[in-house]
Amino acid sequence: MTGSRSKSIVIWTFVITALVMLSAPTIVVLGASFTAGNIITFPPEGLSLKWYGAIAQASDLRQAFVRSLIVASICTIVSIPVGTLAGIALAKYRVRFARSIQIYLLLPFTIPLIGSGIGMMLVFGNMGVLGSLWPVGIACCVINLPFMIWAVTASASNLSPDLELAAANCGAPPLQRFLYITLPAVLPGVITGSLLMFILALNEFLVSLLLVDARSVTLPVQIYNSIRSIITPDLAAISVVFIASAAIAIAVLDRLVGLDIFLKSK
Amino acid sequence: MPAASAERRVSRESIAVSVRDVGMAFGDVHAVRNASFDLPKGKFLTILGPSGSGKTTLLRMIAGFDAPTSGEIFINNSPVSAVPPHRRAIGMVFQKLALFPHMTAAENVAFPLKMRRHDARAIPEKVERYLQLVRLGGYGGRRINELSGGQQQRVAIARALVFEPDLLLLDEPLAALDRKLREEMQLEFRRIQKELGVTTINVTHDQREALVVSDEVIVMEGGRIQQKAEPVHAYRSPANTFVANFIGVTNFIEGVVAARDGALVSVAAHGRTLTGVAVGDAPATGGACAGAVRAEQIRIAPRADALDRLDTVLAGTVADAIFEGERIVYEVRVPHLGDQLVRVFDHDPVNHLQFSPGDSVCLGWNARDMHVFKK
Ligand SMILES: Nc1ncnc2c1ncn2[C@@H]1O[C@H](COP(=O)(O)OP(=O)(O)OP(=O)(O)O)[C@@H](O)[C@H]1O
Ligand SMILES: [Mg+2]
């Protein structure tokens, strides 16, 4: 009896510690954003929404946020067809060198982002396209694509090969089999992957930093630039907006496909 | 036109499926070898065989999922090797059903009609009619995971039948069900098949199912067709020891041929001579052979005088008595057969005559009930 009680005390201590550690930054930022004072502090001095008002007025922040949304959208739109097809191919067909391809897909995680960032800076620099937003979107897509592919592969490998044979038996030619059977079956993975890609691209800092110039700063870069001058509570407020966007994306994901597939996906 | 050739054409036209010397090799593994058979229209054929005997492979070739490595398959007298699966008018119920999980029951049943471009206005009515046929009227709106195993099974049947295929293929769709539901579904298959008259090929390793539902049975082993016959014929006159052993409970007595008299064969085994009937190309005198006697053809009695009208009578000791409800299975050790255990069914409803392990008993059977096969 006492044994199991002390065990559950230990477990709960761990769980609570973990929760506090994970949520502390969010809570601090959230608290600081509602301050009525002029410097960023926690706990806040009085409560007000004035810094939210300030960021709504600050056109540079607003524009940077819009740019981030554009970058995230480009990244997602590119990753959907590429990631879906690659994921299905890897899961379903006996692709030659499938193993090597899977290992290759791990590479973006093993190469420091600064390395791939510089690589892409050189490529896009040579092409003379630095300064526009789409190279940033493409870059985010390239470095995060494994997430998309993994999400799709996870759904596709649950798909029984019998389903496509059954569809063929029902009279469906190859294209229809893909559209009516394979695609709907991997759709949860595609949705999960797209939202993940969107959030990751929205938050992407390092690669953006290397690829943007003064006319095309994205929000994380803009925040970073601001920190270098003075740290005011408007940064906390904009961070909260950021966190809220991610939270909305996760809520959407939960509504569309349920979080368990996301948690289960490899 | 001469009458004979007209007649031949009529009989050819009544063949739904014709399999000619079909073989399938996966590298070194010969999953199917030299399979040939004809199936007349409207018949229910069951392919029976142990695991790995090539049943699914044969079915997949007929459905068009795999191309035979040799031979040719004809459906309605046309060769089909060049016809992809979606152009063959074949309905199939998969072993694991393979219902589309993101569609409702009705959408599943409607899918073949949509793909085969049936008149869109007629589809809902037709779907409902087939759902009713499988006794699922009103269940069309359910998602697949909201249906029980037996109901899913019936959706799969409706999906396979709804476009009125020339041929229905069933790959052990009942294997996963519990016994009661399985027996119900077997009769259901039979009813629907009779009602629609669709030619059907069913695969199973359940011999009871094969005997109950089929017009014809094919027994396969090691990729080869061992026998094709009507169920009664396959049971009563198995073509070889494999079939005799696979269908029913059979005792084999090994020996050599001592003498032959027409179909009658005397088998010398363990110093005794037993008489039986030769099957197939029976062995010559002196050749090794096996006598096969079904457990239900053997009488069991406390003393030999109760069995004096039978041709072969042997004494033994009960080694085990297994109560199976409607019958008792005795395993009797017979010293005259080298202490072989002989299995005997007993269902004497009057006496409830029961023996216990250790009892001395006598076994007897008729010469015509022992089939003698070449070894
Ligand atoms: N794609 C394949 N590649 C290699 N060998 C295969 C393949 N498919 C089947 N085989 C082999 O062919 C043989 C026959 O297989 P098949 O699936 O037809 O057996 P089955 O009679 O349907 O058995 P079960 O009753 O277990 O379903 C087996 O030895 C199997 O291992
Ligand atoms: Mg099989």
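Visitor: Which residue in the hairpin of S12(B) and S13(B) takes a positive phi?
Guide: That's His270(B), with a phi near 50°. The hairpin has 2 residues between its strands. Keep in mind that this is a predicted model.

Visitor: What makes S12(B) and S13(B) a pair?
Guide: Two strands count as paired once DSSP finds at least two bridges between them. Strand S12 (residues 264-269) of chain B and strand S13 (residues 272-278) of chain B have 6 bridges, so they qualify, and the sense is antiparallel. If you want a spot to look at, Ala269(B) sits opposite Arg272(B) in S13(B).

Visitor: How do you know that S13(B) also pairs with S20(B)?
Guide: Again, at least two bridges are needed. There are 2 bridges between S13(B) and strand S20 (residues 370-374) of chain B, so the requirement is met. These two strands run parallel. For a landmark, Ala278(B) has Val372(B) in S20(B) as its bridge partner.

Visitor: And what joins S11(B) to S12(B)?
Guide: Strand S11 (residues 250-261) of chain B is linked to S12(B) by 5 bridges, in the antiparallel sense. Arg260(B) faces Val265(B) of S12(B) there.

Visitor: Which strands make up the barrel, and in what order?
Guide: In chain B, 5 strands close up in the order S11-S12-S13-S20-S14, with mixed pairing. On average, neighbouring strands in this sheet are turned by 55° against each other, ignoring direction.

Visitor: What about the open sheet in chain B: how many strands does it have?
Guide: It has 6, ordered S6-S7-S8-S3-S9-S10, and the pairing is mixed here as well. Strand S6 (90-93) and strand S10 (224-229) of chain B each have a single partner strand, so they stand at the edges, with one side of each lacking a neighbour in the sheet. Here the average turn between neighbouring strands is 15°, direction ignored.

Visitor: How do you know that S9(B) and S10(B) are partners?
Guide: Strand S9 (residues 216-221) of chain B shares 5 bridges with S10(B), against a minimum of two, so the pairing holds. The two strands run antiparallel, and Glu221(B) stands opposite Arg224(B) in S10(B).

Visitor: On to helices. Why are H5(B) and H6(B) called roughly parallel?
Guide: The label goes to angles under 35 degrees. Helix H5 (residues 149-161) of chain B and helix H6 (residues 179-196) of chain B pack at about 20°, with axes 12 Å apart. The angle is under the cut-off, and therefore the two are roughly parallel. Their crossing is right-handed.

Visitor: What makes H3(B) roughly parallel to H5(B)?
Guide: Helix H3 (residues 105-115) of chain B packs on H5(B) at an angle of about 25°, and the axes are 7 Å apart. Since that value is under 35 degrees, the label is roughly parallel. This crossing is right-handed too.

Visitor: And in chain A, why are H3(A) and H8(A) called oblique?
Guide: Helix H3 (residues 59-92) of chain A and helix H8 (residues 174-203) of chain A pack at about 140°, with their axes 8 Å apart. Roughly antiparallel would take an angle over 145, and roughly perpendicular stops at 115, so this pair ends up oblique. The crossing is right-handed. As for the contact residues, 15 are nonpolar, 7 polar and 1 charged.

Visitor: How do you know that the length of H3(A) agrees with what it should span?
Guide: At 1.5 Å a residue, its 34 residues should span 50 Å, and the end C-alpha atoms are 48 Å apart, which agrees.

Visitor: Where does H3(A) bend?
Guide: At Ser79(A), by about 35°. A proline follows within four residues, namely Pro81(A).

Visitor: What is the make-up of chain A as a whole?
Guide: Chain A has 12 helices and 0 strands. Its C-alpha atoms fill a box of roughly 70 × 70 × 30 Å along the principal axes.

Note on methods: Residues numbered from 1 in each chain as written. Chains lettered and ligands numbered in written order. Predicted model: local features only at pLDDT ≥ 70, side-chain atom pairs only at ≥ 80, totals over all residues. Heavy atoms only, no water. Axes fitted to C-alpha atoms, helices over the stretch in contact; angles between N-to-C directions. Parallel < 35°, antiparallel > 145°, perpendicular 65-115°, else oblique. Left-handed = near helix turned anticlockwise from the far one by under 90°. Nonpolar A, V, L, I, M, F, W, Y, C, P; charged D, E, K, R; others polar. Expected span 1.5 Å × (residues − 1). Bend = angle between axes of the 7 residues up to and from the residue.
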